[in-house]
Each structure stands twice: as C-alpha cells, then as structure tokens.
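Reader: I'm at home at the bench but less so with structure files. Could you walk me through how to read one?

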Amino acid sequence: MSQDSQHGKWTISSSDDDDEGLPPSGTATSKPHRPAISTHSPLRSVSPPGPKLEPASASVEVKPEPAKTPVSSLVIGSEARQLAAMNQLNPVKYETSPSLAGKRKKEVSDGSGWALSDSDDDDGDVKGKSGSNVPKRAPSPKTKKPKVENERPPSPHGRLYYIEEPEDFFESSVPCLNDTYRFYLNKVTGLDRKYNSGALHIRDILSPLFGTLKESVQFNYCFDIAWMVKQYPSEFRDCPVLIVHGDKREAKARLIQQAQPFPHVRFCQAKLDIAFGTHHTKMMLLWYEEGFRVIILTSNLIRADWYQKTQGMWMSPLFPRLPKGSSVSEGESPTFFKRDLLEYLASYRAPELEEWIQRIKEHDLSETRVYLVGSTPGRYVGSDMERWGHLRLRRLLYEHTEPIPGEERWPVIGQFSSIGSMGLDKTKWLAGEFQRTLTTLGKSSLCSAPPMHLLYPSVEDVRTSLEGYPAGGSLPYSIQTAQKQLWLHSYFHRWKANTTGRSHAMPHIKTYMRTSPDFTQLAWFLVTSANLSKAAWGALEKNNTQVMVRSYELGVLFVPSAFDMKTFPVHKNQFPVSSSSSGFPVPFDLPPTCYSPKDQPWIWNIPYNQAPDTHGNIWVPS
C-alpha cells in the first residue's frame, strides 16, 4: 500500500514490527531514539548562539537554558530530543523559490533545532533508527554574546519572541475556580484576558494562596530543575522537593548534576523493567501545614510546556489531617481514590516514597469525586490485569456508568499529542481491545461499534499556531510509524478550540470521552498523561490471558454518578469562568472537525518548506 502526498509516496512496510526484536522484559535499554528536528528562526539578528553541547548519548533530552547556564545543567528528559536542541545557528528563512529553499536547507543541515517537549515513546518505532538523522555539532560562533543575568531561555524565534505576561498573569488572589469538577486548563500567553480567567499557571498552583507548603514531590518526564525551583514562591523555595523520574545512566547523571546548586532537591528513580517504557506520569504531591493536596496534570516541568501549549490538570481539594489514632481505612472517598493512590505509589517499590505513603494515610481524602487511572510497567495476569492501563479504565466504566438508550450513536473521542505503532490494520489494537474499553457503558452488551473521533493537529494547525512549526516538536508522530498505519488517518480530526480561545495553542493535553450524538452531553471524561499507544495503555498478550504495560502513566476519570448526575452537560461558553456552572469544561470545540482531503497529520521528521509558519520559519529535519 502507498499514499501520495506533497512529501512523496509513503510506502507501507510489509510487516508489522510492533514487538519484533525487542529485548526481553527487564533488559536494560536506553530510551528509543527519535530523529532530530531542525527549525530555524529568521530573527538572526536577535538570536544569540545556543548553548554548545556535547553530542547526545542514548537517553537524554536537553532543553535550551539561559545563556549564563553551563552545559552541565541543561534540561534532562529524553534522549533523542537533545539532538534537536543543540544550537540555533544559521536560521532558515522561508524562500519563495523552492530551489533556493532547498539550497539553504543543505547549507544549514549541520544546525539543529528547538527543544522538543514530552512525547510518548511508542514501541513500534524503535528499530533501525539508531544513528539516523543525527545532526552534526554546529560550528561555534566567532563572537559570543555577553552574559545577561535573569535572561529567559532562547526561543526558536529569538529572544524578542516571548510575549511578556501581563501583570495579572500570575494570580495575587485566589482565582475564580469552578470547584464542581476541579479540572483546569493552563494559562496561555497572548490570549484575550478572559480566556485565562480560572486557568492556572504553575506559579499559581505553588503559591501560598493554596496552602503553606512544607514539602513536595514532583513526578514527571522532563525536568528543568533551575526553572522548576524558580516557580516556587520565595518563602517555599528551600522546602524539600523529591523528584520522581525514569532517567538512567548518562541522563540520570545529568539530571542529578542539574540539582547540584539546590541541596533541598532529592531524587527517586522509577524502575523501568520493560524495554522502551518511560516514566510519563505527571503529578504533584503537596504537603502543607494545613493539609495535603494532589495535582495530576499533563505538563512537563519545563518552561515551554507552560506558556503557549494547551495543558490540563486536576487539582484536589485541600485534604485535612485525620485525628490522631484514626484507622487506616478512614478518610476514604466513595471513589476509593485514597486506596488507589496508595497502590499506585506502592508500585514504585521505592523507599523514598514510604514517608509520603504514610502521610497520605494520615489525611482525609473523602471529598474526592474522581477515579484514578494509572499505568505501571509489568506483565499482569488474572485479577491483576484490571489494575492498570486500559483494562483498569474498562473496569471502572463497567462498574460506575450505566447503559444509555441509543448508545451505538454516542461517539468516542480521543485527543492526544503522540501516536504509537498500532499495527497494519485497525483490528490489531485500536478497533479491537482499546475500542472495546472506550465503548464500555455499564453492563451493556452493545455489539455495533460507535463512531470514533481522534483529535490530532494537522500540519496547518501547527503552521499557524502561536509557536509555529516548533510546536511540532511536542507532537512526535514519525513518518516511519505513519506509513505503516495509513488506515488510522481516516479517524483524524483537527485541533480547534475556539470555545477556550486555544485553537492556536497546540495541545499537549490528553483527553478521552464519550459524547452524545449532538455533542451536548458526556457519559464520562478522562484527562491523563497517556497518549495513543500500547506502551501507555497496555496490550493483551497470550490469547488475552495477560496484559503488558511498558510505561508509568496517570490520569483521573470523571463519571456522572460520582457527581449525582446521569450525564455531564457540556459547557459551551467556559470563559470567563463562573464558579456556579454545572457544565463540563471540554477543552476543545464540539463537534470535532474532520480532516479535509488536503489535510495531513503533523509528522515531525519530514520537511515543511512550502509555506512559512507564523514566525517566518520553515521546518527542516536534519
């Protein structure tokens, strides 16, 4: 099979390599290599030289730091993305002549691009790419820009690119929040003020307005330790912080090196016993003098994730401390959130988390109205199959939702920022076990498959975004994976979010839901770190008697019964936020907009030089 496009003919491989050639469980391995991407800014006169880096090792992600930051403290997270962040020299400006554009591309192919944000590491896109598309080190500039204190990290468009946040961007009083669902979007720079009302920045989350912080834990995938520390208010900046990460070997060493100036930062390494898994969970545990709070979110702890991307988070209520002498079973919620959170933390088998497990036991989590949906690496059989991944979601939907008349017409919507390898046809996983999970409604015996809409940005969505083509660095769908599953693209819908003002803020949020045929009601809603991949959600093995999960993921499920509702009404006009609304704040427009025949899904390792983005850039893979 093949498909023609502006980038030539895509040819499908004759075999599905989902798990072929993978090391056995427990084999030590580096994170999968991803092709490096170059993007170049026309603002050459204002773009300082990027940091001079050593060639990437196999599992390091590097994000640009301020010019004053030494190489030793560059951002760590995933390996192949370091290659794409090395330098920002030799910008490629859009040329009207394709021949000129091609000539310039060749001239600058030694340069590399902007930092790449978090992605889901899919298991089917790993083989045969080690060493491919690896950029050479860019030449050192002849003159160095003088060091500037308190300077922002370089952007792909030069230092003048960043829009200064207005004075009220960071809250000085408790923001007006809709406490019904406790689901919030992040603030986005450059939007009309009303679209940031009730949205939260990381500085808001960590501010004294929500509690007097004593200690915290940050679970995440990508970290910029220096930036993260600065997000804590000055009065909490020296409070102990535990970093839970999945980095190994060189990546781990560099991460630890980042924290050398910060003695209050400690580390806990998550065990990754299955090849090509990642620690993708994003969660904050905040312990206050007044109690305890949990935030489950979709943002990495790097600056680029918090300003011009669409992200989501669930923020728990402030959980008070239980009276001394309370039993372990006290303080449980109707959704068993306390039990499930403790089980998730115990799955790390980490001594560093023991004191946090004990603290949670001592608090009252009874006000929680969401269900926890986690993934942890392993192969599970018997009743353990329903503890993690999509089978966990299936069990929750079976137990806590009800069949709906005409449910065969209720579409399923999945929205994500990365796509794994799912096989040569849809029945291999997506339209098989995963769709069965997403279409579960109580004890229904529905046989026909409802419509499935998958939201993933098109090339045009990325080109016209606030960040321009560099936003595509956080949407790592590769041509190697795409050409093996052209069948998937018929499911795709555009990213449009006029209702939240975020149509041009590319999504790093991941959401899944079931909607009524007229898109005014929800049967359930999930926000999670899990992208569309078997690594994240798990895949059945051995004639469906075993499920294998590669990665750590975490999300929260909203079901109407936990809120004394039959369905959630969709809130159409969310901004400015009202604390009294009963509508659910879906982060994008409904109904979704189908790809047109001209639309192509964003693929991050092919060139886009036919049209410039919003900053005059073209996209040139190395």
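Reader: Let's start with β12: how many bridges join it to strand β19, and which way do the two run?

Author: Keep in mind that this is a predicted model. To read a strand pair, look for the bridges and then the direction. Here four bridges join β12 to β19 (residues 546-549), and the two run antiparallel. For one pair to click on, take G378, whose bridge partner in β19 is V549.

Reader: What is the order of the strands in that sheet?

Author: Write the strands down as neighbours. You get β12-β19-β18, an open sheet of three strands with antiparallel pairing. The edges are β12 (378-381) and β18 (539-541), each of which pairs on one side only. From one strand to the next, the twist averages 30°.

Reader: Now β10. Which strands are joined to it by bridges?

Author: Same recipe: find the bridges, then the direction. Strand β4 (residues 183-185) is joined to β10 by three bridges, running antiparallel. Strand β9 (residues 292-297) is also antiparallel to β10, again with three bridges. If you want landmarks, Y184 has M313 of β10 as its bridge partner, while I295 has M315.

Reader: And the faces of β10: are the residues there buried or exposed?

Author: Check each side of the strand in turn. In β10 (residues 312-315), G312 and W314 sit on one side, with M313 and M315 on the other. All four are buried, so both faces count as covered, given that buried means under 20% relative accessible area.

Reader: Let's move to helices. What describes two packed helices?

Author: Two numbers do the job: the angle between their axes and the distance between those axes. In this model, helix α8 (residues 389-400) packs with helix α9 (residues 430-438) at an angle of about 35°, and the axes are 8 Å apart.

Reader: Which residues make that contact?

Author: From α8 you have H390, L391, L393, R394 and L397. From α9 come E433, F434, R436, T437 and L438. Sort them by character and you find five nonpolar, two polar and three charged residues.

Reader: Good. Where does UniProt place the feature "binding site"?

Author: The record, an unreviewed entry, puts it at K282 and K510. With a record like that, try asking whether the positions meet in space. These span 229 residues in sequence, yet no two of their C-alpha atoms are more than 11.9 Å apart, so they gather at one spot.

Reader: Where is K282 found, and is it buried or exposed?

Author: Look for the elements on either side, then the accessibility. K282 is in the loop between β7 (265-269) and β8 (283-288). Its relative accessibility is 0%, so K282 counts as buried. A polar atom of the K282 side chain lies 2.8 Å from the backbone oxygen of H280.

Reader: And what about K510?

Author: Go through the same steps. K510 lies in the loop between β15 (492-493) and β16 (511-515). With a relative accessible area of 1%, K510 is buried. The backbone oxygen of H508 is 2.6 Å from a polar atom of the K510 side chain.

Reader: Zooming out, how many helices and strands does the chain have?

Author: There are 12 helices and 22 strands. Of the 622 residues in the chain, 62% are buried. One more figure to jot down: among contacts in the chain with a separation of 6 or more, 79% come from residues 24 or more positions apart.

Notes: Residues numbered from 1 in each chain as written. Predicted model: local features only at pLDDT ≥ 70, side-chain atom pairs only at ≥ 80, totals over all residues. Heavy atoms only, no water. UniProt positions renumbered as here; feature names shortened; annotations may be inferred. Buried < 20%, exposed > 50% of the residue type's maximum accessible area, 1.4 Å probe, protein only. Polar contact = N/O pair within 3.5 Å; in protein donor to acceptor, adjacent residues only side chain to side chain. Axes fitted to C-alpha atoms, helices over the stretch in contact; angles between N-to-C directions. Contact = heavy atoms within 4.5 Å. Nonpolar A, V, L, I, M, F, W, Y, C, P; charged D, E, K, R; others polar. Pairing = 2+ DSSP bridges.
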